[in-house]
Amino acid sequence: MASRAGIMESVSPRKLIRLSKSYLGEAEKHAVMGVLDRDFLGMGSEVEQFEKALTKFFGRNAICVANGTAALQLALEACNIGDGDEVLVQSVTYVASFQAISATGAKPVACDIDPVSLTLNLVDAEKRITTRTKAIMPVHYSGGVGELDKVYAFADKHSLRVIEDAAHAFGTKYKGKRIGSFGDISCFSFDGIKNITSGEGGCIVTDDPMLISKIEDSRLLGVQKDSEKRYTGKRSWDFNVSSQGWRYHMSNIMAAIGLVQLEKYPEIAKKRQKLASCYDHFFSENSEIKTIPHDYFEVVPHIYTVRISKMNNRNLLREKMINRGIQTGIHYQPNHLLSFYKEKNISSFPVTDSIFPELLSLPLHPGLNDEDISYVSKALLELI
Ligand SMILES: *Cc1c(COP(=O)(O)O)cnc(C)c1O
């Protein structure tokens, strides 16, 4: 192995700097082996423990599910949102936000974004309100939340539920308070590259006990009170089902990884914040590269995205970056352009249309160090 690695190094002097990556160690492997040894892989005591640990972390009830998309869908359904309803959401988000809404039967109403924070533009959203609008889904783009208090004021004014897509914002604070610790409903993702991972996975955080009890059943095919049984290693044989459910629960294998990651979270958060601040420093003097202004004492960034003005060929730039061993990304292709959502969203998106071609995401994960950030930043500054 050692000699092979040696040869690889002599061929390519620099390792590939990946856009994003999990941050795993022996403790996660050990935790998974523990579950395999005990031979109870499905939903059981590890999931209960992970939920308790998350509930302590947020100071509110957390309930675990199979992934972040499932978290959003079940949260919407628990609010009785479905056929004929409309949900306001920004066009620039992962397609998961849109799919979660359309999975309930509701229509995702694409909205424009704020040009600075790349979060939902409330002036635009207000124009798209109809009598069918039931909820607003702010997406905490890159880990920042924009003016979240205004989103809540807007929701109050129009009697809307707020389902926060907080997939990027695990650990972020807003005005000193952790996302998930206040507000209506916050949904998180624990997929492999998010701020903490459980392999795949997600959770819903709220202080509404009705929602929690509905989701406890809906994640297990609607089987009433099955969650309690599974925590103790049992399952229901004699049960009732009174609503549509899904097989969206979390497994013990996933929860075991999540428990270790949650313990490592303070270290992970510090690393991500330090690396993003380091990028900010490199780009502060350049007028063509616009960064998203975040206070990294509060924001725990999931991605590091910049806007590059006068970028005439993003593909070529990305190719040149990869030739230097640097992976880049595009977060995200506007959803109103996808054929499945296109006709339902016939309107203009001036900010989205002008900003999307300028977006480029640079590598950000806890496995990087200051030297990597310096290398990436200098390469980008040279190439633009
Ligand atoms: C990752 C992500 C999701 C969905 O999470 P999964 O766990 O992948 O299902 C939803 N919204 C955004 C913005 C995301 O980045």
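Visitor: How do the residues of the shell around the ligand divide into nonpolar, polar and charged?
Guide: In this predicted model, 16 residues surround the ligand, with Gly68, Thr69, Asp165, Ser189 and Lys194 among them as the nearest. Helices α4 (68–78) and α5 (95–103) each contribute at least two residues to the shell. By class, the shell comprises five nonpolar, eight polar and three charged residues.

Visitor: How far is a nitrogen atom of the ligand from an N or O atom in the side chain of Asp165?
Guide: A polar contact requires a pair of N or O atoms within 3.5 Å. Ligand oxygen atoms provide such pairs with the side chain of His168 at 2.9 Å and with that of Lys194 at 3.0 Å. The protein covers 94% of the 380 Å² of accessible area that the ligand has on its own. For the ligand nitrogen and the side chain of Asp165, the distance is 2.7 Å.

Visitor: Which element gives the most to the lining of the largest pocket?
Guide: The largest pocket holds about 480 Å³ of space. Its lining has 28 residues, and Ser117, Thr119, Val145, Gly146 and Glu147 are the closest to the centre. At least two lining residues come from each of α6 (122–127), α7 (148–157) and β6 (173–174). With three residues, the greatest contribution is that of α7.

Visitor: Which element supplies the largest share of the lining of the second largest pocket?
Guide: Seventeen residues line this pocket, including Glu77, Lys214 and Ser218. Two or more of the lining residues come from α4 and likewise from α8 (209–218). The largest share, four residues, belongs to α8.

Methods. Residues are numbered from 1 along each chain as its sequence is written. This is a predicted model: local features need pLDDT of at least 70, side-chain atom pairs count only at pLDDT 80 or more; totals for chains, interfaces and linings use all residues. Side-chain values use heavy atoms; hydrogens and water are left out. A residue is near a molecule or strand if one of its heavy atoms lies within 4 Å of it. A polar contact is a pair of N or O atoms within 3.5 Å; within protein, one must be able to donate a hydrogen and the other to accept it, and residues adjacent in sequence count only if both atoms are side-chain atoms. Accessible areas come from the Shrake-Rupley method with a 1.4 Å probe; for residues, only the protein chains shown count as cover. Ala, Val, Leu, Ile, Met, Phe, Trp, Tyr, Cys and Pro count as nonpolar, Asp, Glu, Lys and Arg as charged, and the others, Gly among them, as polar. On a 1 Å grid over the protein atoms alone, a cavity is a set of points where a 1.4 Å probe fits but cannot get out, and a pocket is an open set with protein on both sides within 12 Å along at least five of seven lines; lining residues have an atom within 4 Å of a point. Grid points are joined across faces, edges and corners, and a volume is the space filled by probe spheres set on the points.
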